[in-house]
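Let's take a stroll through a protein model, one piece at a time. Have the sequence and the 3D view open as you read.

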Amino acid sequence: MSVINIENAKTNIGQVGFLDVEIDPTMDLFHEIERLKKEKNAIVLAHYYQEPDIQDVADYIGDSLGLAQQAEKTTADMIVFAGVHFMAETAKILNPTKKVVLPDLKAGCSLADSAPADLFRAFKEKHPDHVVISYINCTADIKALSDIICTSSNAQKIIESLPADQKIIFAPDKNLGAWLIKQTGRDMLLWNGACMVHEIFSLEKITRLKIRHPEAKLIAHPECEDPLLRIADFIGSTTQLLKYTQQDDARSYIVATETGILHQMQKSSPDKTFIPAPPDNSCACNDCPYMKLNTLEKLYLCMEYEVPEILMDESLRLAAKKPIDRMLEISRAAGLI
């Protein structure tokens with residue numbers, strides 16, 4: 001591959017989102033990625049919603065809390081983040097001296113996009129007596145405007161760590177926030193944001209699935225809408241859903257979250273059946289279009305050429321780090337990590 005082609009591709013990253021060059025189709029990408037890990041002291045962190053090939057080459061697969069922990073403690077020189085943009089930002093916030101790369105810069109998040117920083121700042125200023133707890137699925141700008149970050153794994157413990165009379169703004173996910181109000185009894189002020197993946201599930205289709213598979217348990221992520229959560233047999237974070245299927249006695253499950261997690265569920269429980277909950281469209285399963293922008297080819301290219309790289313203004317990084325540190329501190333005290 002010529003230097004000119006690579007340099008031209010690098011100048012176009014801002015437009016296309018990734019290093020757009022052709023690679024040898026006969027290349028063993030699994031072997032090359034392992035080689036690059038060793039040569040560059042790189043670690044590949046992947047979210048459960050990534051495609052199976054990416055999960056299989058990752059050094060660590062997890063949900064937002066687990067990925068934040070791994071990013072915090074890694075000794076690697078380069079963090080290759082196979083996930084979406086806010087996750088790679090979080091890794092950079094925790095590792096200012098390390099190089100953080102993302103296979104595709106356009107791997108964004110509909111939930112993070114639902115909270116523009118300028119509008120959220122104005123909203124926060126109207127409620128100065130409220131503590132801001134923000135779900136980790138938000139931009140660095142929103143993190144910098146927050147007091148504590150949370151994930152779906154630790155949100156309840158974080159809310160319960162605050163005095164009962166403390167007023168709270170919860171952002172950006174209204175569905176997770178509404179579920180947490182029920183769990184904690186706290187009257188929180190919710191930002192009106194949502195995840196497109198978890199809002200598109202069809203209650204009607206899921207109900208029909210339950211009739212066809214009466215033995216199957218419905219398990220759901222708390223980002224789903226309330227009518228679905230009301231009929232779920234178990235509600236939990238991505239990791240909690242995975243653990244539930246490993247420990248529970250049922251033989252089949254209808255899974256209401258992004259379909260990427262089914263790869264790990266099937267690997268850890270090969271004798272069980274996992275049915276993706278159908279969305280309210282013509283598709284049979286519910287994929288996150290942003291998560292699926294990352295491919296094994298893009299992962300290899302970003303490791304080989306170390307772009308696209310996540311860069312961040314230091315003042316923003318420090319402001320965003322404070323609420324993440326607070327989250328990790330409370331999680332440790334609660335025995336979650």
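What do the buried residues of H6 pack against? Before we get to that, keep in mind that this is a predicted model. The buried residues of H6 pack against strands E1 (42-47), E3 (78-82) and E4 (99-101), and also against helices H5 (64-73), H9 (140-144) and H18 (314-333). H6 itself covers residues 85-94 and is mostly covered, with nine of its 10 residues buried. The buried set is Phe86, Met87, Ala88, Glu89, Thr90, Ala91, Lys92, Ile93 and Leu94.

**Over to H18**

Now look at Arg317, which sits in helix H18. Is Arg317 buried or exposed? Its relative accessibility is 7%, and buried means under 20%, so Arg317 counts as buried. Leaving out residues up to four places away in sequence, Arg317 touches Lys92, Ile93, Pro96 and Met312. Two of those names may ring a bell: Lys92 and Ile93 are on the list of buried residues in H6. The side chain of Arg317 also makes a polar contact with the side chain of Glu314, at 2.9 Å.

**A serine in H7**

Next stop is Ser110, in helix H7 (residues 110-113). Ser110 has a relative accessible area of 18%, and the cut-off for buried is under 20%, so Ser110 is buried too. Which residues is Ser110 in contact with, leaving aside its neighbours within four places in sequence? They are Ala194, Cys195, Met196 and Tyr290. Met196 comes up again when you follow the side chain of Ser110, which reaches the backbone nitrogen of Met196 at 3.0 Å. You can also find Cys138 from here: Ser110 and Cys138 are 28 residues apart in sequence, and their C-alpha atoms are 9.5 Å apart in space.

**Two helices side by side**

Two packed helices are described by the angle between their axes and the distance between the axes. Try that on H15 (residues 238-247) and H16 (residues 261-268): their axes come within 10 Å and cross at roughly 25°. Angles under 35 degrees count as roughly parallel, so H15 is roughly parallel to H16. The crossing of H15 and H16 is right-handed. Which residues make the contact? From H15 they are Thr238, Leu241, Leu242, Thr245 and Gln246, and from H16 they are Ile261, Gln264, Met265 and Ser268. Sorted by class, the contact of H15 with H16 has four nonpolar residues, five polar ones and no charged ones.

**Odd spots in the backbone**

Finally, zoom in on some loops. Two peptide bonds leading into a proline are cis, and two residues have a positive phi although neither is a glycine. Here they are together:

| Place | Feature | Angle |
|---|---|---|
| Ala171 to Pro172 | cis peptide bond | omega near -10° |
| Val307 to Pro308 | cis peptide bond | omega near 0° |
| Asn41 | positive phi | about 45° |
| Glu306 | positive phi | about 60° |

Where do you find them? Pro172 is in the loop between strand E7 (167-171) and helix H11 (174-184), while Asn41 is in the loop between helix H3 (29-40) and E1. The loop between helix H17 (296-305) and H18 holds Pro308, and Glu306 lies in the loop between H17 and H18 as well. As for accessibility, Asn41 is partly exposed at a relative accessible area of 35%, and Glu306 is partly exposed at 24%.

Technical notes
Residues numbered from 1 in each chain as written. Predicted model: local features only at pLDDT ≥ 70, side-chain atom pairs only at ≥ 80, totals over all residues. Heavy atoms only, no water. Axes fitted to C-alpha atoms, helices over the stretch in contact; angles between N-to-C directions. Helix = DSSP H or I, 4+ residues; strand = E, 2+ residues; numbered from the N terminus. Parallel < 35°, antiparallel > 145°, perpendicular 65-115°, else oblique. Left-handed = near helix turned anticlockwise from the far one by under 90°. Contact = heavy atoms within 4.5 Å. Nonpolar A, V, L, I, M, F, W, Y, C, P; charged D, E, K, R; others polar. Buried < 20%, exposed > 50% of the residue type's maximum accessible area, 1.4 Å probe, protein only. Polar contact = N/O pair within 3.5 Å; in protein donor to acceptor, adjacent residues only side chain to side chain.
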